[in-house]
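Work through the exercises below with the sequence and the model side by side. Try each task before reading its solution.

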Amino acid sequence: MGTDQTGGARHACRFCRGVRGRIVLDLHTQPACDHFPPAADSGPDPAYPLQLWLCEDCGLAQLLDDPTVPEEPLATEPAALVHQAADAVHRVAAAGLLPEGATVAEYGSPHGGSWLPRLAERGLRPVADGESAQVVLDCFGLMHHADQAAAVKERADRLETGGVLLVQFHSLATIVRCGQWNALRHGHYAYYSTPALARMLTVAGLCPRSAWVFDLYGGTVLLAAVKGPAAPDPALSALLIGESSLGVTDPAVLGGVQRQVTASAAALRGYLVAARAEGRRVLGYGAASRAVALLCAAGVDRELLPAVADASPGKQGRRMPGSGVPVIAPARLIEAAPDEVLLFLPDLLDEVRAAYPEITGWVIAEPEPRPAEPVRREEPPMSAPTDDRPQPAPRPAPALIRKVPAPVAVGFPVRNGKPYLQGALDSLLAQRGVDFELHIADNCSDDGTEDICRELAGKDERVRYLRRAENVGVTANHNMLVREVHSPYFLWAAADDASHPDRLRLLLEALESDPFAVLSFSAARQIDRDGQTLGVWRNPCRTNHLDPVVRLSDLIELEHENYHCYGLMKREVLLRTLLLPPVKNNDRVLVAELALHGPFAEVEQDLLFHRLHERRLTQSVSQRDWYRQQRTDGRKLVLPNVEEAGWYLKAVRNSPLRGAELGRALWALRPWFKANAVPMARNVARAAVDGARMITGPGRPDDR
């Protein structure tokens with residue numbers, strides 16, 4: 001045990017005993033989130049420091065200290081956890097890791113739930129405490145041990161040679177990606193990334209072999225390691241590389257979660273204050289441990305939130321620690337008939353909807369309050385189209401008025417797009433099998449575009465029309481759309497292109513099927529002004545490669561059309577980028593940056609119909625004129641290639657890569673800089689001449 005700079009005792013890692021590390025998340029003092037005092041107990045409740053510390057030696061994120069004494073669990077097992085357990089057992093069995101007749105030992109979570117009945121149905125035989133087994137299962141139990149080294153060793157020692165250890169955990173990558181800061185709680189001593197846990201199991205003499213990712217809690221991982229020689233399968237390898245690229249062992253990346261604390265707390269308090277001012281009655285559901293820190297950080301009391309309902313009888317008649325909000329039975333929630341119910345556990349949404357159909361105004365509490373998505377209606381199976389050419393489609397009936405964003409937002413930036421506008425809009429509104437909204441951003445058109453769009457918005461409730469107050473430029477109009485929508489998935493659509501009717505559905509299916517993909521795209525058919533096929537573009541890059549630097553290297557070498565930018569993107573990832581920079585090849589810069597955040601999912605069919613015609617902006621103005629149109633800083637000197645180079649550097653530095661990986665990515669830009677050395681030199685020379693002309697005489701810089 002070392003000492004810190006103030007002379008106090010330094011924290012030693014709970015696994016490797018190293019002392020090099022830093023605090024990456026500080027919630028200051030919080031009440032013990034598993035201590036629910038009786039409602040009559042007015043408090044105050046004792047509070048204790050709650051800080052997350054990252055070991056720089058082994059990468060394990062862990063509680064810095066925890067003076068609390070764990071309480072007996074009061075919760076009931078949610079249906080979402082039961083369903084996920086059944087799914088997990090099925091998938092592990094399908095991988096051949098649950099042989100019939102094998103012995104099994106289980107380390108469960110103190111919060112309840114067991115896989116043993118499901119394993120017994122498959123012929124596995126439980127053993128007594130302390131006995132060895134061929135299958136050792138730990139479902140959210142490992143994190144509850146203060147001494148992580150001892151807990152891992154105990155599980156590895158009980159495993160027979162050739163056996164498999166299964167460890168299920170709420171992924172640290174999910175906590176970082178979703179800003180789930182309130183997952184930090186007393187009694188949970190460790191928060192695992194897949195790379196850190198794989199390293200811990202390797203030190204214990206096991207070989208990580210497989211991994212599965214589930215939607216539970218926003219992203220739960222089940223990691224399998226065997227006692228014997230084994231190599232990681234492709235799923236585990238992709239998971240290790242994907243999480244490493246996210247920066248799960250980088251203190252700077254983990255420290256970014258701290259910013260979400262203030263944002264979440266302010267949003268929750270603002271929502272409740274506004275509801276009270278507007279006369280809307282709001283109650284809560286789910287007296288979960290993660291709700292304790294959220295309510296305390298937001299300064300919520302029973303005046304703002306009169307009660308929280310919970311199905312656990314052990315919590316009813318008590319109150320939330322710290323905030324004092326009473327916990328009531330669901331029956332009392334129904335009797336109160338609130339206008340809205342704040343759900344503190346998003347995974348319970350399907351369960352509570354089914355249990356309490358009287359309640360329709362569900363609001364998801366975190367990371368910021370938002371109305372729950374409406375129940376999706378199953379679409380009837382559709383036959384494959386016989387002709388892929390873009391055809392005019394009948395306009396569908398208006399969608400139901402919604403209170404929440406659709407899963408997909410199509411951003412439609414346009415200025416004077418009338419010649420091909422109607423066909424582009426018709427092909428988008430003919431999309432089938434997917435729930436979406438169409439957001440049109442009209443950048444001061446004066447050719448009749450406004451009339452067409454306003455008429456359409458009045459007939460189809462999926463369409464939102466916005467006319468800019470002034471011409472903001474092509475790039476700004478695109479970027480503003482990203483910030484103006486709220487759907488989890490986003491796609492840009494051009495006013496002169498068209499789409500296959502299954503395009504959005506297939507892109508969404510591809511993106512949702514890969515938990516690490518940040519974008520999905522398809523092949524593209526190039527068409528002329530009359531819709532006749534000119535050629536088909538297919539992806540020439542290794543955009544699904546596990547190494548982000550390989551993805552970057554391939555993309556920056558593209559010399560022609562880049563259709564990845566017309567793909568479907570995860571909006572929360574897109575917002576972490578610099579978006580489209582004000583340079584002519586901005587789509588290439590953005591796609592290169594996105595590739596550093598994760599791989600792309602590819603759909604082989606040509607679902608995008610990209611129109612090549614003489615009115616395209618990139619063909620109708622010079623590079624220098626296009627570049628001047630993006631200017632908002634008043635500068636007249638134009639250095640297109642130089643500034644494009646600068647944006648590539650910014651994009652790489654803004655990526656989640658750190659350390660050696662960041663260095664590799666910067667080094668990978670060398671071929672681009674070499675290929676553009678002459679154009680950049682010409683930029684500098686032209687700028688010098690233009691600058692001299694502005695100084696020595698009237699007139700503007702040479703436009704040639």
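**Exercise 1.** Which residue in β2 is the bridge partner of Arg-22?

*Solution.* The model is a predicted one, in which local features need pLDDT of at least 70 and side-chain atom pairs count only at pLDDT 80 or more, while totals for chains, interfaces and linings use all residues. Residues are numbered from 1 along each chain as its sequence is written, and side-chain values use heavy atoms, with hydrogens and water left out.

Step 1: fix the terms. Strands (E, at least two residues) and helices (H or I, at least four) are DSSP runs numbered from the N terminus. Two strands pair if DSSP finds at least two bridges between them.

Step 2: find the strands. β1 and β2 (residues 47-55) run antiparallel and are joined by eight bridges.

Step 3: read off the partner. Arg-22 has Leu-54 in β2 as its bridge partner.

**Exercise 2.** State the strand order of the open sheet that four strands form, and find its edges.

*Solution.* Step 1: the order is β1-β2-β3-β8, and the pairing is antiparallel.

Step 2: β1 (21-31) and β8 (190-191) each have a single partner strand, so one side of each has no neighbour in the sheet and these two strands stand at the edges.

**Exercise 3.** Do the same for the open sheet of six strands, and locate the helix that lies across β11, β14 and β15.

*Solution.* Step 1: this sheet has the order β13-β12-β11-β14-β15-β16, with mixed pairing.

Step 2: its edges are β13 (327-328) and β16 (370-371), each with a single partner strand, so one side of each is left without a neighbour in the sheet.

Step 3: take one edge pair. Strand β12 (residues 308-309) and β13 run parallel, joined by two bridges. Within this pair, Ala-309 stands opposite Ile-328 in β13.

Step 4: add the helix. Helix α8 (residues 258-277) lies across β11 (282-285), β14 (340-343) and β15 (362-364), at about 165° to β14. Contact here means heavy atoms within 4.5 Å. Axes are lines fitted to C-alpha atoms, for helices over the stretch in contact, and angles run from 0 to 180 degrees between N-to-C directions.

**Exercise 4.** Describe how β4 pairs with β5 and with β6.

*Solution.* Step 1: strand β4 (residues 103-108) runs parallel to strand β5 (residues 125-126), with two bridges. Thr-103 has Arg-125 in β5 as its bridge partner.

Step 2: follow the chain. From β4 it passes through helix α2 (residues 116-121) to β5, a right-handed β-α-β crossover. Right-handed means that, with the strands pointing away from the viewer, the path from the first strand over the helix to the second runs clockwise.

Step 3: β4 also runs parallel to strand β6 (residues 133-139), with five bridges. Here Glu-106 stands opposite Leu-137.

**Exercise 5.** Describe the hairpin of β9 and β10, then the surroundings of Ser-210.

*Solution.* Step 1: β9 and strand β10 (residues 220-226) pair in the antiparallel sense over seven bridges. Cys-207 stands opposite Val-226.

Step 2: five residues lie between the two strands of the hairpin, and Tyr-217 in the turn has a positive phi of about 60°.

Step 3: Ser-210 lies in β9 (residues 207-214). Ser-210 has 4% relative accessibility and therefore counts as buried; the cut-offs are under 20% relative accessible area for buried, over 50% for exposed and partly exposed in between (1.4 Å probe, protein chains only).

Step 4: leaving aside neighbours within four places in sequence, the contacts of Ser-210 include Leu-222, Asp-233 and Leu-236. The side chains of Ser-210 and Asp-233 make a polar contact of 2.9 Å. A polar contact is a pair of N or O atoms within 3.5 Å; within protein, one must be able to donate a hydrogen and the other to accept it, and residues adjacent in sequence count only if both atoms are side-chain atoms.

**Exercise 6.** Is Glu-437 buried or exposed?

*Solution.* Step 1: Glu-437 lies in strand β18 (residues 436-442). Its relative accessibility is 4%, so Glu-437 counts as buried.

Step 2: the side chain of Glu-437 reaches the backbone nitrogen of Ala-406 at 3.2 Å, and a polar contact of 2.9 Å joins it to the side chain of His-439.

**Exercise 7.** Check the span of helix α18.

*Solution.* Step 1: the expected span is 1.5 Å times one less than the number of residues. For the twelve residues of α18 (residues 586-597) this should be 16 Å, and the end C-alpha atoms are 17 Å apart, which agrees.

Step 2: eleven of the twelve residues are buried, so α18 is largely enclosed by the rest of the structure. Asn-586, in this helix, is buried at 9% relative accessibility, and its side chain makes a polar contact of 3.2 Å with that of Thr-475.
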